[in-house]
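Here are my notes on this structure, as numbered points. Please keep the sequence and the 3D view open while reading them.

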Amino acid sequence: MGRIRPAFRHFAGSRIIERQVDLALAADCGTIACLVDGIGREVIEAQKRAEAAGVRFVAMQETRPLSGLVSAADEIFVVGAGLLPADEVVLKHSVRPSVLVFPAEDAVPLGYERIDAEFAWAGVFLAHGSAVERLAELPPDADVISALLRIALQSGVRIQPIEKRLLDEGRWHLDPTAEQLDEREQQWIRDHAAAASFAAPGLAVSERIGARLAKDVLGGRWARVPAILAGLSGVVAMSLALLGWEITALGFGALMAMLGSAGETVERIALAGQAAAKRSALARTIDWLTDPVLAILIALASPEDTEWLRLFVPVVLFGLLRLGHRTVRFRFRETYRDRVALSLLLLPAAFLGIVQPVTAVLVLLVMLSLFFAPTSGE
């Protein structure tokens, strides 16, 4: 097999070309033009990604159509082929026309294009649209990107040095190796997992499980497995509860909460950086059904002679927990969202036949915490 083009390599569940589309969308580009040798599956999928965000995508094998897309009043944002930069750095320095550069002595040995004795082009620049008009003066076999870079520099676009530690820390790559992509993907997962603290122990464990799973399933069909298993666990829990196996049902309810949290973490990492990304319908459904399912399971595990209180008490508990997560702003805020720890806490109570009194005590504790905890409105 031939060598995979740098732009078509996979990183964090997407190809580098698709990550470049995400960067262009974040930079508010109205049209994305992609210079290609041919239009294959990879380019078509990049086009779908752009069009899903409502942006026009044009794949071109020569530069003549470019003059019809860019006017002198526009700005042109250029990203080199196979470049995987630190997006936040690019967006910070591309507010006005500029050419991002590294010190030549550090960047040239890594394959970056030297622009003078001191600097090498970092692979990104923003220039005035008038630069495109001068492409017509060049021979047909000219390197378009290098030509645009030279035109931008000659027209007075400022040079913007960026920190070379981006290279040292592996946060900026041009034609990265498999090992470099693997290391950067692990850092990407850590940055976007945002696992809860152990103030919410159930969430902390389940979200770290999700972050670990993400490394193996991003971009593949297995990425939806945790969410599917969470849904199945909920169905099993409800079925067992209706058959009279309330304690076992509550255990499956805890499993539903854990798998749902792990699946949400996998999906959050997979969608990170995508402008038009939306959570799947399955993930949203599990998110909204977890509380009602757990409330019903708690009600069915309560004594029948308590009648309407069987459902009323857990409904109040989950209502207060949702209110707390939305309004409280101190470091235990995520505790209000921890359905895994809550379910596991209620399991022994269900076994001892005191699940309703324990739930009522939790209602009182949550209510008291809402009175004394600082809220986002303060």
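1. Start with Arg322 and Asp291, whose side chains meet in a salt bridge with an N to O distance of 2.8 Å. Arg322 belongs to helix α14 (residues 309-327) and Asp291 to helix α13 (residues 281-300), so this pair, 31 residues apart, links distant parts of the chain. The two partners are covered to unlike degrees: Arg322 is partly exposed at 27% relative accessibility, whereas Asp291 is buried at 7%. Please bear in mind throughout that this is a predicted model.

2. Next comes the salt bridge between Glu18 and Arg49, in which the closest N and O atoms are 3.8 Å apart. Glu18 lies in helix α1 (residues 16-26) and Arg49 in helix α2 (residues 41-52), so the bridge ties together parts that are 31 residues apart in sequence. Glu18 has a relative accessibility of 8% and counts as buried. Arg49 is buried as well, with a relative accessible area of 15%. Charged side chains can be found away from the surface, then, and the cut-off used here for buried is under 20% relative accessible area.

3. How many residues of α1 are buried? The count is ten of its eleven, and the helix is described as mostly covered. The buried residues of α1 include Ile16, Ile17, Val21, Leu23 and Leu25. Charged or polar ones are also on the list, among them Glu18, Arg19, Gln20 and Asp22.

4. Just after α1 comes Asp28, with a positive phi of about 65°. Most residues other than glycine have a negative phi. Asp28 is not a glycine, yet its phi is positive. Asp28 sits in the loop between α1 and β3 (31-35). With a relative accessible area of 71%, Asp28 is exposed, while ten of the eleven residues in α1 are buried.

5. Asp175 deserves a point of its own. Its phi is near 55°, again a positive value in a residue other than glycine. Asp175 also forms a salt bridge with Arg9, where the closest N and O atoms are 3.0 Å apart. That pair links distant parts of the chain: Asp175 is in the loop between β10 (173-174) and α9 (178-193), Arg9 is in the segment before β1 (10-11), and 166 residues separate them. Is each partner buried or exposed? Asp175 is partly exposed, at 32% relative accessible area, and Arg9 counts as buried, at 15%.

6. The salt bridges described above belong to a longer list. A search of the whole structure finds 23 of them. Some residues are joined in a network of salt bridges, namely Glu88, Glu163, Arg165, Glu169 and Arg171. I suggest finding these five in the 3D view before moving on.

7. Helices α11 (residues 225-242) and α12 (residues 246-271) make a pair to look at next. Their axes come within 8 Å and cross at roughly 165°. An angle over 145 degrees counts as roughly antiparallel, and α11 and α12 are therefore roughly antiparallel to each other. The crossing of α11 past α12 is left-handed.

8. Two residues of α12 can be set side by side. Val266 is found in this helix and is buried, at 1% relative accessibility. Leu255 also has its place in α12, but Leu255 is partly exposed, with a relative accessible area of 35%. Which distances go with them? The C-alpha atoms of Val266 and Glu207 are separated by 8.4 Å, with their places 59 residues apart along the chain. For Leu255 and Ala27, which are 228 residues apart along the chain, the C-alpha separation is 41 Å.

9. Finally, look at the surface. Val361, Leu364, Leu365, Met367, Leu368, Phe371 and Phe372 form a nonpolar patch there, and together they have about 760 Å² of accessible area. One of these residues, Leu364, lies in helix α16 (residues 355-372).

Conventions. Residues numbered from 1 in each chain as written. Predicted model: local features only at pLDDT ≥ 70, side-chain atom pairs only at ≥ 80, totals over all residues. Heavy atoms only, no water. Patch = residues over 30% accessible without salt bridge, like charges linked within 9 Å, V, L, I, M, F, W, Y side chains within 5 Å. Areas by Shrake-Rupley, 256 points an atom, 1.4 Å probe, with all protein chains shown as cover. Salt bridge = Lys/Arg side-chain N within 4 Å of Asp/Glu carboxyl O. Helix = DSSP H or I, 4+ residues; strand = E, 2+ residues; numbered from the N terminus. Buried < 20%, exposed > 50% of the residue type's maximum accessible area, 1.4 Å probe, protein only. Axes fitted to C-alpha atoms, helices over the stretch in contact; angles between N-to-C directions. Parallel < 35°, antiparallel > 145°, perpendicular 65-115°, else oblique. Left-handed = near helix turned anticlockwise from the far one by under 90°.
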